[in-house]
Amino acid sequence: MASCVGEENKVVIKKDWYQSESQVIVSILGKHTSKEDCCVKFDKDEVTIQAKFATGQPYTVHLKLSKNIAPNFSTYRVLSSKLEIRLAKVEEGMWDVLEKTVVKTTKPSSTIQPRNWDKVVKDMTKEEDENDVNTLFKKIYSDGSDEVRKAMNKSFMESGGTVLSTNWRDVGKDKVDIKPPEGMEWKKWDE
């Protein structure tokens, strides 16, 4: 259910709509006086409603429809709790929305220069990358020889992530011992 403000007296108007394959039914909710106090004008892509609530407050609603209707086959009626408008569709099928959405575009002023967002992001990530320890290790790993890569992999895996060495001569001899940081104690997962 949507609500809009009527142009006359700034009345809040509650409206709802549903549809079938052949028609769209729009309801203006609220008690109305009579059919004589309601005027609904149908055009191929627009509906204009001028009516009065039972309280005597007049309102006007303009609906700019998202698709065309058949004005000659469209009707309306006043019920006890609403004004019901039946719009006959030109083409059968379901509508995604009742009304067209108007998108306003503004031209940028000539004093504002467009910003190269790719460059901004690149500069921001460059600053972060330079300070990141992981970036340093990635660089050492990618630029290193096969022996450096083997040493880094073996030392990291055998030590449980507590040692990272680039010297294959030291790492290749024996199993790398676990060396937790100072003040920490190493425990196996299942203990």
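How many bridges join strand β5 to strand β6, and do the two run parallel or antiparallel? There are 7 bridges, and the two strands run antiparallel. Keep in mind as you look around that this is a predicted model. Below is a quick tour of a sheet and then of a pair of helices.

**The sheet as a whole**

- Start with the big picture: β4, β5 and β6 line up in that order as an open sheet of 3 strands, with antiparallel pairing.
- The edges belong to β4 (39-42) and β6, since each of them pairs on one side only.
- On average, neighbouring strands here are turned by 10° against each other, if you ignore direction.
- As a bit of background, strands in a sheet pair through backbone hydrogen bonds, and they can do so in parallel or antiparallel fashion.

**From β4 to β5**

- A hairpin takes you from β4 to β5 by way of 3 residues.
- The two strands run antiparallel and are held in register by 4 bridges.
- To find your place, look for C39, which sits opposite Q50 in β5.
- The side chains of β4 take turns: V40 and F42 point to one face and are buried, whereas C39 and K41 point to the other face and are not buried.

**From β5 to β6**

- β5 covers residues 46-52 and β6 covers residues 58-64.
- These two also make a hairpin, this time with 5 residues between the strands.
- In that turn, have a look at G56, which has a positive phi of about 95°.
- Two pairs are handy for following the strands: E46 has K64 in β6 as its bridge partner, and Q50 stands opposite T60 in β6.

**The helix pair**

- Now move along to helix α2 (residues 133-143) and helix α3 (residues 146-158), whose axes come within 7 Å and cross at roughly 135°.
- How do α2 and α3 lie relative to each other? That crossing angle makes them oblique, because it falls outside the ranges for roughly parallel, perpendicular or antiparallel.
- On the α2 side, the contact is made by F137, I140, Y141 and S142.
- On the α3 side, V148, R149, M152 and N153 do the job.
- Sorted by class, the residues in this contact are 5 nonpolar, 2 polar and 1 charged.

Technical notes:
Residues numbered from 1 in each chain as written. Predicted model: local features only at pLDDT ≥ 70, side-chain atom pairs only at ≥ 80, totals over all residues. Heavy atoms only, no water. Pairing = 2+ DSSP bridges. Axes fitted to C-alpha atoms, helices over the stretch in contact; angles between N-to-C directions. Parallel < 35°, antiparallel > 145°, perpendicular 65-115°, else oblique. Contact = heavy atoms within 4.5 Å. Nonpolar A, V, L, I, M, F, W, Y, C, P; charged D, E, K, R; others polar. Buried < 20%, exposed > 50% of the residue type's maximum accessible area, 1.4 Å probe, protein only.
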